[in-house]
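Notebook open, coffee poured. I'm jotting down what I looked up, one stop at a time.

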Amino acid sequence: MTAVGTAERPLRVAVVGAGPAGFYVAEHLLRQDAVVEIDMFDRLPTPYGLVRAGVAPDHQKIKAVTATFEKVAAHPRFRFFGGVEIGRHLTVEDLRRHYHQIVYATGAQTDRRLGIPGEDLIGSHAATEFVAWYNGHPDYRDRTFDLTQERVAVIGVGNVAVDVVRILCRTPEELARTDIADYALEALRRSRVREVYLLGRRGPAQAAFTNPEIKELGELPGADLIVRPEEVELDGLTRAWLERNPDRATLKKVQILQEFARRPPAGKPRRLYLRFLVSPVEILGDAHGRVAALRLVRNRLVATDTGTLQAQPTGEEEVLPVGLVFRSVGYRGVPIPGVPFHEAWGVILNDKGRVLDPETGRPRVGEYAAGWIKRGATGVIGTNKPDAAETVSGMMEDWRAGRILDPPEPDPAAVTRLVRARQPHYVTYEDWVRLDELETARGRALGRPRVKFTRVEEMLAALGRA
């Protein structure tokens, strides 16, 4: 019989998840010696994952990475099945019947919890919900956020938290030039938010945001950035750590923040307060169960046995009156039915991308992970490229050794028949290209990059498949 991985008998691979990790996996696979056919599945009708639904609308340059993904999608051995959810329309067992290898690249879809009293009060939200809402994600487009509140707190100092405060502080005129969802644009146009607090539990040197992100906050036309000088002065432990581990980016970050601390407010309509060494210990509510304030504790940094610096509460507390809270303290993946999952870490159990059997600790034949569902929510979009390369390297090693699944129905037409039977409203990549053209045409008429379809029903109707 002809070997798998040849033109007569291609290596059939299913990629679950159409975000950057999934596309980088596909890109690497299509460059291998093996002849590979790739079917990519996503539960949304639209591809690109967080590039479409997570990257801030005022960061259009970052979205240019989709040009690379478009080249992958144009390959004759690539197919896209949008609107098809694994665990709902198809099972992992279905995939095993049709593919030699399966790659899970489903990202980190939920927020980690704070674990403090009041976290579930009205007006306390996961930051990812707000991000998905203003980006037009169909699952979140009907969420509501009380933007009549004048004071808002964002807990966390990663790039997602910075995106949230920046969108809250942008002027309507700035947002109107982006591809923000039209309903979010109107809501933010009516926003009464005047003070925004960005809260970090450790010091400036430990903040997870990047230098370009923090510089941008200091250049907002509609908001003054306020930084307390005493909170950006480095403590002795941090200075000693930086002497042992000199890092130019970290030193530059501290320098930028200290320069902001010396700058007087310019009287802009909004104020953005950047705080360090504070942790929320309770979200306080009013008589109606709505967020009314945050109780914060001051921290100091202490050294751990591993040499890292951690925040330790001092016991000194303050109350910050706010009416809206966004929690951005880390993200975790969602389990896929039938796939081993590490609950504590929020990732698929794996070793360098090979999915592990929790009972034996050995790799499961033909199953792999890539991206945030593999390593956790770390890095930027580009970080997924070497991550995908590591996973694909293992896949090719296993292919050469014959450690692949033996699917009884590897024929691509069999997959199409199955998908059509289970989810007749699936969307092809050609369908997406048409939707993309329609969105950009709608945007062009308004001087915007695009106006998104934000309901699945709208997308299907636009394709003539209501």
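**Entry 1: a hairpin.** I started at the hairpin of β11 and β12, where five residues sit between the strands. Keep in mind that I'm working with a predicted model. In this hairpin I checked the backbone angles and found G289 with a positive phi near 75°. Next I looked at how the two strands line up. β11 covers residues 278-285 and β12 covers residues 291-303. They pair in the antiparallel sense, over seven bridges. I picked out a couple of facing residues: L284 has A293 in β12 as its bridge partner, and P280 stands opposite L296 in β12.

**Entry 2: the sheet around that hairpin.** I wanted to know which strands join in. What is the strand order of this open sheet? I read it as β11-β12-β13, three strands with antiparallel pairing. β11 and β13 (309-321) are the edge strands, and each of them pairs on one side only. On average, neighbouring strands here are turned by 20° against each other, direction ignored. Then I spotted a helix on top: α10 (residues 236-244) lies across β12 and β13. Relative to β12, α10 runs at about 55°.

A reminder to self from the textbook: strands of a sheet pair through backbone hydrogen bonds, either parallel or antiparallel. The next sheet gave me the parallel kind.

**Entry 3: the six-strand sheet.** This one is also open, and I wrote its order down as β6-β14-β7-β8-β10-β9. Its edges are β6 (124-126) and β9 (223-227). Each has a single partner strand, so one side of each is left without a neighbour in the sheet. From one strand to the next, the twist averages 20°. I zoomed in on β8 (residues 195-199), which runs parallel to β10 and is joined to it by five bridges. One pair I marked there is Y197 with its bridge partner Y273 in β10. Which helix packs on this sheet? I found α6 there, touching β7 (151-155), β8, β9, β10 and β14 (324-327). The direction of α6 makes about 175° with that of β8.

**Entry 4: α5 against α6.** Since I was already at α6, I checked a helix beside it. Two packed helices are described by the angle between their axes and the distance between the axes. For α5 (residues 127-134) and α6 (residues 159-169), the angle is about 55° and the axes are 10 Å apart. That makes α5 oblique to α6. The crossing is left-handed. On the α5 side the contact comes from A127, F130, V131 and Y134, and on the α6 side from V160, D163, V164, I167 and L168.

**Entry 5: helix α13.** How far apart are the end C-alpha atoms of α13? I did the check with 1.5 Å a residue: the 17 residues of α13 (residues 384-400) should span 24 Å, and the ends are 24 Å apart, which agrees. Then I listed the buried residues of α13: N384, D387, A388, T391, V392, G394, M395, M396, D398 and W399. What covers them? The cover includes β1 (11-16), α1 (20-29), β4 (101-104), β19 (354-356), β20 (363-369) and α12 (372-375). Just after α13 I noted G402, with a positive phi of about 80°.

**Entry 6: α1 against α13.** α1 is part of that cover, and I looked at how it packs. The angle between α1 and α13 is about 50°, and their axes are 8 Å apart. That makes α1 oblique to α13. Left-handed or right-handed? The crossing of α1 and α13 is right-handed. From α1, the residues P20, A21, Y24, V25, E27, H28 and L29 meet N384, K385, A388, A389, V392, M395 and M396 in α13.

**Entry 7: two odd backbone angles.** Last stop: positive phi values outside glycine. Y48 is not a glycine, yet its phi is positive, about 90°. I found Y48 in the loop between β2 (36-42) and α2 (50-53). Buried or exposed? Y48 counts as buried, because its relative accessibility is 4% and the cut-off for buried is under 20%. L277 isn't a glycine either, and its positive phi is about 60°. L277 belongs to the loop between β10 (270-275) and β11. With 14% relative accessibility, L277 counts as buried too.

How values were computed. Residues are numbered from 1 along each chain as its sequence is written. This is a predicted model: local features need pLDDT of at least 70, side-chain atom pairs count only at pLDDT 80 or more; totals for chains, interfaces and linings use all residues. Side-chain values use heavy atoms; hydrogens and water are left out. Two strands pair if DSSP finds at least two bridges between them. Helices (H or I, at least four residues) and strands (E, at least two) are DSSP runs, numbered from the N terminus. The expected span of a helix is 1.5 Å times one less than its number of residues. Buried means under 20% relative accessible area, exposed over 50%, partly exposed in between (1.4 Å probe, protein chains only). Contact means heavy atoms within 4.5 Å. Axes are lines fitted to C-alpha atoms, for helices over the stretch in contact, and angles run from 0 to 180 degrees between N-to-C directions. Angles under 35 degrees count as roughly parallel, over 145 as roughly antiparallel, 65 to 115 as roughly perpendicular and the rest as oblique. A crossing is left-handed if the near helix is turned anticlockwise from the far one by less than a right angle, and right-handed if clockwise.
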